[in-house]
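Please look through the structure below and follow the report beside it. It moves from one chain's overall build to single strands and residues.

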Amino acid sequence: MATTDKEVNELIKREYEHGFVTDIEADTFEPGLNEDVIARLSGIKKEPEWMLEWRLKAYRRWLEMEEPNWAHVGYPKIDYNSISYYSAPKRKEDMPQSLDEVDPELLKTYEKLGIPLHEREKLAGVAVDAVFDSVSVATTFKEPLAKAGVIFCSISEAIQDYPELVKKYLGSVVPAGDNFFAGLNSAVFSDGTFVYVPKGVRCPMELSTYFRINAANTGQFERTLIIAEDSSYVSYLEGCTAPMRDENQLHAAVVELVALDDAQIKYSTVQNWYPGDEQGKGGIFNFVTKRGACIGKNSKISWTQVETGSAVTWKYPSCVLRGDNSVGEFYSVALTNNYQQADTGTKMIHMGKNTSSTIISKGISAGKSSNAYRGLVKFGPGAEGARNFTQCDSLLIGDRCGAHTFPYIESKNKSAIVEHEATTSKVSDEQMFLCRQRGIEPEQAVSMIVNGFCKEVFKELPMEFAVEAGKLLEVSLEGSVG
Amino acid sequence: MLSIKNLHASVEDKEILKGINLEIKAGEVHAIMGPNGSGKSTLSQVLAGNEAFEVTSGEITLNGENLLDLETEERAREGIFLAFQYPVEIPGVSNLQFLRTAVNAMRAHRGEPEMNAAEFMKLAKEVSKQVDLDPAFLKRGVNEGFSGGEKKRNEIMQALLLQPKLAILDETDSGLDIDALQVVSNGVNALRAEDRAILMVTHYQRLLNHIVPDYVHVLAGGKIVKSGGRELALELEERGYGWLGIKDEETADSSAN
């Protein structure tokens with residue numbers, strides 16, 4: 001109907017509000033990738049020899065790997081030699097010892113993004129690690145966390161200070177040879193977050209990392225490693241934004257989670273990388289490998305993601321359910337608008353007895369975007385009594401977008417039970433008319449309907465961020481009623 | 001209050017309304033009756049501003065203001081309320097959230113402050129009792145899994161909350177058993193007020209036993225063919241539409257929904 005199209009178009013046209021650039025002096029590598037670049041990167045970070053060896057091994061492996069092309073996305077070929085692999089704000093001294101020593105420009109940047117790095121400010125219950133381009137610039141609440149025995153620091157610090165833990169677990173969930181982008185990340189990752197929760201400890205606050213890409217022509221390759229020892233619990237949240245630029249920028253992160261006996265890790269993402277403009281120009285290529293291993297019995301890993309940004313998303317946060325009775329969960333809202341493309345979903349690999357997994361995926365497509373759910377549920381021979389429940393819902397706004405579902409199920413155990421539900425719906429003219437007849441603005445109506453559609457996922461987010469996620473959807477939807 | 005002059009409207013190039021004239025004053029209750037396909041629902045939808053219908057000529061004013069210049073939501077804020085024949089579901093959006101958003105949109109239009117969640121909850125609970133709905137249903141999704149009767153009661157509850165100038169009730173009696181009809185009628189009667197007009201659209205006269213109209217109009221073939229008082233409805237019940245030379249089956253009205 002003509003009217004609805006008009007409303008849709010008006011709604012989809014909202015601007016990206018994190019698109020500013022911080023003018024800050026930076027040390028940036030010349031574009032290009034070879035063993036010398038990796039050695040230089042490792043040198044700047046004063047890494048031990050074993051780390052450099054690990055990187056070089058990954059690099060040599062990567063050279064022989066091929067970029068995957070099976071995803072339901074299309075993008076111009078990336079020239080990996082045209083990217084700069086390191087950019088860091090210049091520091092007056094070496095490492096800032098406290099927030100007072102962090103460049104005020106950086107503090108302002110995070111404030112503008114709504115992420116105050118001053119501990120006294122409003123996100124008081126949340127500890128933040130701020131990663132700016134290639135480096136971690138500040139980590140808050142280190143002391144109270146240390147009191148509880150929780151280690152929360154940048155991965156670079158962890159390599160220096162906790163080499164045994166890093167050696168033991170880095171690459172244990174996502175090996176360097178896992179896939180092309182994970183291989184590249186293993187060779188060139190420049191910073192990221194490290195979390196270690198000791199036995200029996202319930203982490204006293206939410207931990208979060210805020211990733212910001214600022215420099216042009218650089219890639220961001222962060223590495224996150226979270227280890228939860230027996231009977232521990234941690235909830236972690238990451239947020240991401242980037243300036244508006246005409247060129248595409250590559251973000252290839254690797255996240256590894258390890259949960260031992262009776263441990264629980266809750267990992268939430270609010271991804272709002274720059275999605276490109278209305279014509280599909282620019283935006284981040286978000287090619288990310290995230291995987292959690294439930295090694296211990298009765299352990300649980302829960303992924304919740306709200307994906308609204310990036311020009312192209314290729315991302316499948318997964319759980320390897322090795323321990324008996326372990327639980328994997330994946331709750332996802334992926335919204336695409338304009339020319340955005342997303343191919344996202346999860347893998348649940350059941351290996352232990354009585355393992356269970358839940359997948360709730362909500363895809364929302366508007367504009368001329370394409371949104372695909374791709375999921376694998378696999379039961380190994382030992383997955384006696386394992387079960388999975390999958391629900392994939394797609395919501396279309398307007399009639400020029402696409403939604404696709406690619407569910408794969410592989411079972412080597414007859415006792416495994418799989419339930420799968422899928423729906424596709426549209427924001428209907430009748431729903432819009434009802435809302436408007438009650439005096440509600442069309443934009444507000446769409447946002448309300450979409451939020452209702454996503455409710456099952458939003459309730460999994462930590463409270464503070466559920467509201468933010470709702471608002472983010474509203475902004476991302478501007479210009480799109482159906 | 002409402003003045004309709006020579007209104008013509010079509011859907012997908014098919015003319016449904018072929019010159020409607022109607023005057024409704026504040027405080028009055030009018031009933032529009034007619035066979036299926038006569039254009040009753042189309043008239044309700046056109047008044048509310050459903051853009052699936054094209055007004056080809058004529059005019060509609062509400063207290064002198066040209067309604068045809070206004071968007072659906074603007075008309076709603078000026079006081080037009082439509083109780084839907086088939087209320088649509090909005091999964092995941094709680095009834096409470098939906099109603100509060102609507103009430104606050106109206107309040108903003110009148111320059112009044114927003115109602116907070118607690119204030120609104122109190123009001124909504126009171127009003128839900130008026131239509132015999134368990135307040136627990138406020139937490140359910142809009143019309144989600146509601147029975148036919150609950151949906152209709154929900155519509156009337158919304159009218160009571162929004163306090164419109166003109167309430168249009170589209171086949172509000174359809175699908176109701178006798179008890180539910182009584183509850184809904186009580187709600188509508190509670191809406192009657194000196195500064196408010198009510199326009200009921202119905203196929204059957206039984207609703208008019210509960211909500212007694214001041215005027216009855218018979219719509220057929222897109223025109224009002226006869227107007228009268230309460231007694232006209234009774235006569236129609238007794239003698240059928242055939243009495244007025246109308247065939248009780250035409251087309252198109254169902255497309256209004």
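How many residues lie between strand 11 and strand 12 of chain B in their hairpin? The hairpin has 2 residues between the two strands. In its turn, B:G221 has a positive phi of about 55°.

This is a predicted model, in which local features need pLDDT of at least 70, side-chain atom pairs count only at pLDDT 80 or more, and totals for chains, interfaces and linings use all residues. Residues are numbered from 1 along each chain as its sequence is written, chains are lettered from A and ligands numbered from 1 in the order in which they are written, and side-chain values use heavy atoms, with hydrogens and water left out.

**Chain B as a whole**

Chain B has 8 helices and 12 strands. Its radius of gyration is 18 Å, close to the 18 Å that the globule rule gives for 257 residues, so chain B is as compact as a globular protein of that length. The radius is taken over C-alpha atoms, and the rule is 2.2 Å times the number of residues to the power 0.38. Helices (H or I, at least four residues) and strands (E, at least two) are DSSP runs, numbered from the N terminus.

The C-alpha trace of chain B spans about 55 × 40 × 35 Å along its principal axes. Of its 257 residues, 57% count as buried. Buried means under 20% relative accessible area, exposed means over 50%, and partly exposed lies in between (1.4 Å probe, protein chains only). Chain B exposes about 10700 Å², and carbon and sulfur atoms supply 46% of that area. Accessible areas come from the Shrake-Rupley method with a 1.4 Å probe; for residues, only the protein chains shown count as cover.

Contacts in chain B often link distant parts of the sequence: among those between residues at least 6 apart, 69% join residues at least 24 apart. Contact means heavy atoms within 4.5 Å.

**Sheets in chain B**

Four strands of chain B form an open sheet in the order 2-1-4-5, with antiparallel pairing. Strand 2 (14–24) and strand 5 (65–66) stand at the edges, each with a single partner strand, so one side of each is left without a neighbour in the sheet. Two strands pair if DSSP finds at least two bridges between them.

Inside this sheet, strand 1 (residues 2–11) and strand 4 (residues 54–62) of chain B run antiparallel and are joined by 7 bridges. B:K5 stands opposite B:E59 in strand 4.

Now back to the hairpin. In strand 11 (residues 215–220) of chain B, 5 of the 6 residues are buried, so the strand is largely enclosed by the rest of the structure. Strand 11 pairs with strand 3 (residues 29–33) of chain B in the parallel sense over 4 bridges. There, B:M33 has B:V218 as its bridge partner. On the hairpin side, 5 bridges join strand 11 to strand 12 (residues 223–228) of chain B, and the two run antiparallel. B:A220 is bridged to B:K223 in strand 12.

**An enclosed strand in chain A**

Strand 18 (residues 341–350) of chain A has 9 of its 10 residues buried, so it is largely enclosed by the rest of the structure. The table lists its parallel pairings.

| Partner strand in chain A | Bridges to strand 18 | A bridge pair |
|---|---|---|
| Strand 15 (residues 312–315) | 4 bridges | A:V312 and A:Q341 |
| Strand 16 (residues 318–321) | 3 bridges | A:C319 and A:M348 |
| Strand 20 (residues 370–379) | 10 bridges | A:T344 and A:Y373 |

**Single residues**

Two residues have a positive phi without being glycine. A:S310, with a phi of about 70°, lies in the loop between strand 14 (300–307) and strand 15 of chain A. Is A:S310 buried or exposed? A:S310 is buried, with a relative accessible area of 0%.

B:E12 has a phi of about 45°. It is found in the loop between strand 1 and strand 2 of chain B. B:E12 is exposed, with a relative accessible area of 76%.

B:F98 is found in helix 3 (residues 95–109) of chain B. At 0% relative accessibility, B:F98 counts as buried. Not counting residues up to four places away in sequence, B:F98 touches residues of chain A, including A:L434, A:C435 and A:M448. In chain B, B:F98 touches B:I90, B:V93, B:V142 and B:Q158 under that same count.
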